[in-house]
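Got a minute to look at a protein model together? Let's go through it by asking how we know what we say about it.

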Amino acid sequence: MNIIEELIWRGAINQQTDEQGLIEEIEQHPITLYCGVDPTGNSMHIGHLIPFMILKRFQLQGHHPVVVIGGATGSIGDPSGRTSERTLQTKEVVKENARRLTEQMQHIFGDDFTILNNYDWTHDLSLLDFLRDIGKHFNVNTMLAKDVVASRLEHGISFTEFTYQILQSMDFHHLYKDHHVQLQIGGADQWGNITAGLDYIRRVEGPEAKAFGLTIPLMLKADGTKFGKSAGNAIWLDPEQTSPYEFYQFWLNQQDDDVVKFLKYFTFLTPEEIENLAKEIEERPHLRLAQKRLAEEITRFVHSQAALEEAQTITEALFTGDIQSLTVGQIEQGFKNMPQATTDHQAHNLAVWLVDTGIVSSRRQAREFINNGAITINGQKYTDVDFEINPEIAIGQKYYVVRRGKKNYTLVTINE
């Protein structure tokens, strides 16, 4: 199957402007295609990643990807998917965000791609030139009818955000003319912006201009909830915001009803491999082989093989209780979102210390847990109520990982 047929099989296409025309074009020669991201934040999350996965698929089949960092459009604010005005950011923040997003793109696409910033071809444009040479090609009635604008009319939209689709159209035309870009990829909410760009290209370059648009569907889980949120927080690609261990765990914990869809979207496994994993879900769901493969593939792709192996090491240590084998860095990853407590450098009676750190509510309860063998510290079980806990047994002389019972973990940090 060609790449468009594969994307359809993967359920990764929402709308296309000219499916047959695009197929004919990619069968004749490699094409150049692009996707943009505005630097409104300093990292992409996994919802942002979906169109770039498609860009990567084209790259692997010999086509040339272009990534546009929206240094200009990010200063304006995309009204897509919003009911209120976006808070505008300073140029300094936008510039720093653009730098960090560039690093993420370089990790995803390697060396064989082009990365551009639309600030470079817009910052010298005067208002009069913008209105005279570009604005005249855009009909206000047509712009108002675009979903991206129409959805905002009830609540109001500023002229600033209203012009966003003109700026994005300028991008597509600039890329078509100067970089031979023929295809723009975006999320479902970008359809209006993409088609506006195509209209602009044909007005300026002629109706026979071979340019195309493709959007991906809105990603929802089987229960109808929005994909990519965990306890109200996005799953970021930046390892400082979402550690590789947390990232790995997010995919590992996906429901059976969602995992095949995510294998199609977020991995480069073949249809045969995915169909075999789908059978495993039906026949041996308790093994969670599909979830493990999903977590492995996407963690390796977004981070690295080394980061994947570290995430698996932490996962195994937490499962077996072999905490002592973990490094300080691995402890910080694995226990980032678990209950926390602090202590000092002094030695303490274990029963008293458990109460002081809030791990148990009373000394009587502490003695019961200790006598019953239900207190484990750094993988070691302690049954002596008179034991003196001290920094010598701490991991890196910094952390005590306390397990009460089978699953109740607390990370106790020794204050500096």
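Below are some questions and answers about this structure.

Q: How do you know which residues count here, and how are they numbered?
A: This is a predicted model, so to speak, with residues numbered from 1 along each chain as its sequence is written. Local features need pLDDT of at least 70 and side-chain atom pairs count only at pLDDT 80 or more, while totals for chains, interfaces and linings use all residues, and side-chain values use heavy atoms, leaving out hydrogens and water.

Q: Why is isoleucine 26 called buried or exposed?
A: Buried means under 20% relative accessible area, exposed means over 50%, and partly exposed is in between (1.4 Å probe, protein chains only). Isoleucine 26 has 11% relative accessibility, so it counts as buried. You'll find isoleucine 26 in helix H2 (residues 19–28); helices here are DSSP runs of H or I with at least four residues, strands are runs of E with at least two, and both are numbered from the N terminus. Isoleucine 26 also sits 8.8 Å from isoleucine 3, C-alpha to C-alpha, with their positions 23 residues apart in sequence.

Q: And valine 140, why is it put in its class?
A: Valine 140 has a relative accessible area of 45%, so it is partly exposed. Its place is in helix H7 (residues 140–145).

Q: What makes the nonpolar surface patch?
A: Val140, Leu144 and Leu153 make it, and it covers about 230 Å². To join a patch, residues need over 30% relative accessible area and no salt bridge, with nonpolar side chains (Val, Leu, Ile, Met, Phe, Trp, Tyr) joined within 5 Å. A salt bridge would be a side-chain nitrogen of Lys or Arg within 4 Å of a carboxyl oxygen of Asp or Glu. The area comes from the Shrake-Rupley method with a 1.4 Å probe.

Q: Why is strand S2 said to be largely enclosed?
A: Five of the six residues of S2 (residues 32–37) are buried, so the rest of the structure largely encloses this strand. Strand S3 is mostly covered too, with five of its six residues buried.

Q: How do you know that S2 pairs with S3?
A: Two strands pair if DSSP finds at least two bridges between them. S2 and S3 (residues 64–69) are joined by six bridges and run parallel, so they pass that test. In S3, tyrosine 34 has valine 66 as its bridge partner, and cysteine 35 has valine 67.

Q: What other strand pairs with S2?
A: Strand S5 (residues 181–187) does, in the parallel sense over three bridges. There, the bridge partner of tyrosine 34 is glutamine 184.

Q: What makes S1 and S4 edge strands?
A: Six strands form an open sheet in the order S1-S6-S5-S2-S3-S4, with mixed pairing. S1 (15–16) and S4 (114–117) each have a single partner strand, so one side of each is left without a neighbour in the sheet. For S4, the pairing with S3 is parallel over four bridges.

Key:
Patches are made of residues with over 30% relative accessible area and no salt bridge: like charges are joined within 9 Å, nonpolar side chains (Val, Leu, Ile, Met, Phe, Trp, Tyr) within 5 Å.
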